[in-house]
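Colleague: I should like to understand how the inside of this protein is put together. May we go through the structure step by step?

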Amino acid sequence: MKIKRLVVSSFQTNCYVLYDNFQAVIIDPGDQAKKIKNFINENELDVLAILLTHGHCDHIGAIDALYQAFACPIYLHHEDHVYLKEPKYNLSTMMGNPLIIQAPVLDCEEIMQIGPFKVRWHHLPGHTPGSSMIELTDQKIIFSGDVLFNGSIGRFDFPLSSHHDTVLSMKKLKEFNDDARVFPGHGEETSIKNEQQHNPYLK
């Protein structure tokens with residue numbers, strides 16, 4: 001399996017394309033649909049699904065265009081579906097370009113098999129009610145969205161965010177037993193062990 005990181009949007013969001021034997025999954029296509037489509041087409045990939053860690057505009061901004069191009073299912077935790085139709089919640093209003101998603105978005109399940117990819121969703125609310133980390137369980141790889149960064153965590157002062165839920169989610173992260181590579185929604189790769197040892201929010 002290969003992982004391609006594409007940095008998109010003015011927020012410098014990490015969009016990831018996972019692909020194996022020409023089958024692909026896209027995680028958090030926040031903007032610049034053409035850039036993402038070009039990579040898919042240049043590598044002759046078949047897009048099986050789009051997975052969203054949460055509903056903020058810098059993680060969902062390209063899904064309508066990608067759905068038109070690939071007609072693939074899109075998955076998001078059910079508690080974040082409100083962000084798809086509410087620009088004031090998905091933060092696009094503050095950017096002056098209100099975003100309302102038209103593509104159909106499905107509820108994720110905790111365990112999913114998508115082609116060759118065995119996926120587990122870790123629901124860790126706080127940044128948003130449905131904030132999740134998406135794990136490839138066979139690979140020990142986690143896409144942490146804005147739950148966990150290298151040395152930091154996602155903000156909890158946005159509409160519908162919760163400091164209380166963030167604290168509880170960080171407690172859960174402290175208890176993760178298996179080390180895994182972590183690919184965050186912004187910034188550079190890290191690992192669960194590194195964050196447990198050095199991230200001040202996990203102390």
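Colleague: How many residues does the largest nonpolar core have?

Modeller: This is a predicted model. Residues with the most contacts inside the largest nonpolar core are Val17, Ile26, Ile36, Ile50, Ile63 and Ile101. In full, this core has 30 residues.

Colleague: Which element gives the largest share of this core?

Modeller: The elements that give two or more residues to the core include the strands β1 (2–8), β2 (13–20) and β3 (23–27), and the helices α1 (33–42) and α3 (63–70). The largest share is four residues, and the element that provides them is α1.

Colleague: Which residues does Ile63 touch, not counting residues up to four places away in sequence?

Modeller: Ile63 is among the residues with the most contacts inside the core. Beyond four places in sequence, its partners are Pro29, Ile50, Leu52, Ile74, Ile101, Ala103 and Val105.

Colleague: Which are the edge strands of the sheet?

Modeller: Six strands form an open sheet, in the order β1-β2-β3-β4-β5-β6, with mixed pairing. Each edge strand pairs on one side only, and these strands are β1 and β6 (106–107).

Colleague: Which residue in β6 is the bridge partner of Tyr75?

Modeller: The strands β5 and β6 run parallel and are joined by two bridges. In β6, the bridge partner of Tyr75 is Leu106.

Colleague: At about what angle does α3 run to β4?

Modeller: Two helices can be placed against the sheet. Helix α1 lies across β1, β2, β3 and β4, at about 155 degrees to β1. Helix α3 lies across β3, β4 and β5, and its angle to β4 is about 150 degrees.

Key. Residues numbered from 1 in each chain as written. Predicted model: local features only at pLDDT ≥ 70, side-chain atom pairs only at ≥ 80, totals over all residues. Heavy atoms only, no water. Core = buried A, V, L, I, M, F, W, Y, C linked by side-chain atoms within 4.5 Å. Buried < 20%, exposed > 50% of the residue type's maximum accessible area, 1.4 Å probe, protein only. Contact = heavy atoms within 4.5 Å. Pairing = 2+ DSSP bridges. Axes fitted to C-alpha atoms, helices over the stretch in contact; angles between N-to-C directions.
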